[in-house]
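Biologist: I should be grateful for a close look at one part of this model, namely its aromatic rings and their surroundings.

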Amino acid sequence: GRTKAYDIVQRNAMQAWKEGTDFKEELLSDKEFCHFILRRELDKIFDLDYYLRNINKIFKKVGL
């Protein structure tokens, strides 16, 4: 469920923050997390190009 997913991600986020490690690598090393998601799915989630695909259009609209 949603609460379990939150707990898994939060645990790994805190680990990465405390240890100064890579969040994505923390997730990939977590067997419980990997039970629910494939590496290629996680790669898509961490693909910044997807989230920045319209950045030039946005800058043009605001005049930058």
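How many aromatic pairs does the count come to?

Modeller: The model is a predicted one, and in it the count comes to 2 aromatic pairs. One of them joins phenylalanine 23 and phenylalanine 46, whose ring centres are 5.9 Å apart with 55° between the planes, a tilted arrangement. Phenylalanine 23 belongs to helix α2 (residues 23-29), whereas phenylalanine 46 lies in the loop between α4 (39-45) and α5 (48-51), so this pair ties together parts that are 23 residues apart in sequence. As to solvent, phenylalanine 23 has a relative accessibility of 28% and therefore counts as partly exposed, since the partly exposed class runs between 20% and 50%. Phenylalanine 46 is likewise partly exposed, its relative accessible area being 32%.

Tyrosine 50 and tyrosine 51 also form a pair: the ring centres lie 5.1 Å apart and the planes stand at 85°, so the geometry is edge-to-face; the cut-off for that class is over 60 degrees. Tyrosine 50 has a relative accessible area of 45% and is partly exposed, while tyrosine 51, at 51% relative accessibility, counts as exposed. The ring of tyrosine 50 has a further contact, with a charged group: the charged end of arginine 53 sits over this ring, 4.1 Å from its centre. Tyrosine 50 is thus described both by its edge-to-face pairing with tyrosine 51 and by the charged end of arginine 53 over its ring.

Technical notes
Residues are numbered from 1 along each chain as its sequence is written. This is a predicted model: local features need pLDDT of at least 70, side-chain atom pairs count only at pLDDT 80 or more; totals for chains, interfaces and linings use all residues. Side-chain values use heavy atoms; hydrogens and water are left out. Rings of Phe, Tyr and Trp (its six-membered ring) pair if their centres lie within 6.5 Å; planes under 30 degrees apart count as stacked, over 60 as edge-to-face and the rest as tilted. Helices (H or I, at least four residues) and strands (E, at least two) are DSSP runs, numbered from the N terminus. Buried means under 20% relative accessible area, exposed over 50%, partly exposed in between (1.4 Å probe, protein chains only). A charge sits over a ring if NZ of Lys or CZ of Arg is within 6 Å of the ring centre and within 35 degrees of the ring normal.
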